[in-house]
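Me: I would like to take a close look at a single part of this protein, slowly and with the reasoning spelled out. Please keep in mind that I am a first-year student.

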Amino acid sequence: MASKAATKVQSRSRAVLRLIEAGSMCDCTFCGKQVKFRVRQRDQQAICNVYEEGVWRRVEHFHLECYDEASSPYGTAFE
Ligand SMILES: [Zn+2]
């Protein structure tokens, strides 16, 4: 089975920035605390699709500041 280079690029872990929405129940991978929606705060989180050996494994959530502190483990988070 031939694997194409383009496919490999797409299956790397990546991070995006998203507003934390009401009802969010995720824990931050870095600090372990809940990524919590706050009324009137437009906080952002980093949502990471984590791939291992080209296979999707899981989604990880980080507080924006925690993602920075963790040195952006899945690359720069884009909006
Ligand atoms: Zn955190």
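Is cysteine 28 buried or exposed, and what is the setting around this residue?

Reply: This is a predicted model, and in it cysteine 28 is buried, because its relative accessible area is 3%, while buried means under 20%. Cys28 gives its SG atom to a zinc ion, whose other protein donors are Cys31 (SG), His63 (ND1) and Cys66 (SG), with the donors lying 2.0 to 2.4 Å from the ion. The angles that the four donor atoms subtend around the zinc ion run from 104 to 118 degrees, and therefore the arrangement is tetrahedral, since four donors count as such if all angles lie between 85 and 135 degrees. For comparison, the ideal angle for four tetrahedral donors is 109.5 degrees.

Along the sequence, the donor residues follow the spacing C-x2-C-x31-H-x2-C. Cysteine 28 and histidine 63 are 35 residues apart and link distant parts of the chain, for cysteine 28 sits in the loop between strand S1 (14-19) and strand S2 (44-52), whereas histidine 63 belongs to strand S3 (residues 55-63). Histidine 63 also counts as buried, because its relative accessibility is 12%.

To place this site in the whole, the chain has two helices and three strands, which come in the order α-β-β-β-α when read along the sequence. Of its 79 residues, 28% count as buried. Among contacts between residues at least 6 apart in sequence, 55% join residues at least 24 apart.

How values were computed: Residues are numbered from 1 along each chain as its sequence is written. This is a predicted model: local features need pLDDT of at least 70, side-chain atom pairs count only at pLDDT 80 or more; totals for chains, interfaces and linings use all residues. Side-chain values use heavy atoms; hydrogens and water are left out. Donors are N, O and S atoms within 2.8 Å of the metal (3.2 Å for Na, K and Ca); water is not among the atoms, so sites may look incomplete. Four donors count as tetrahedral if all angles lie between 85 and 135 degrees; four count as square planar and six as octahedral if opposite donors are over 155 degrees apart and all others between 65 and 115; anything else is irregular. Helices (H or I, at least four residues) and strands (E, at least two) are DSSP runs, numbered from the N terminus. Buried means under 20% relative accessible area, exposed over 50%, partly exposed in between (1.4 Å probe, protein chains only). Contact means heavy atoms within 4.5 Å.
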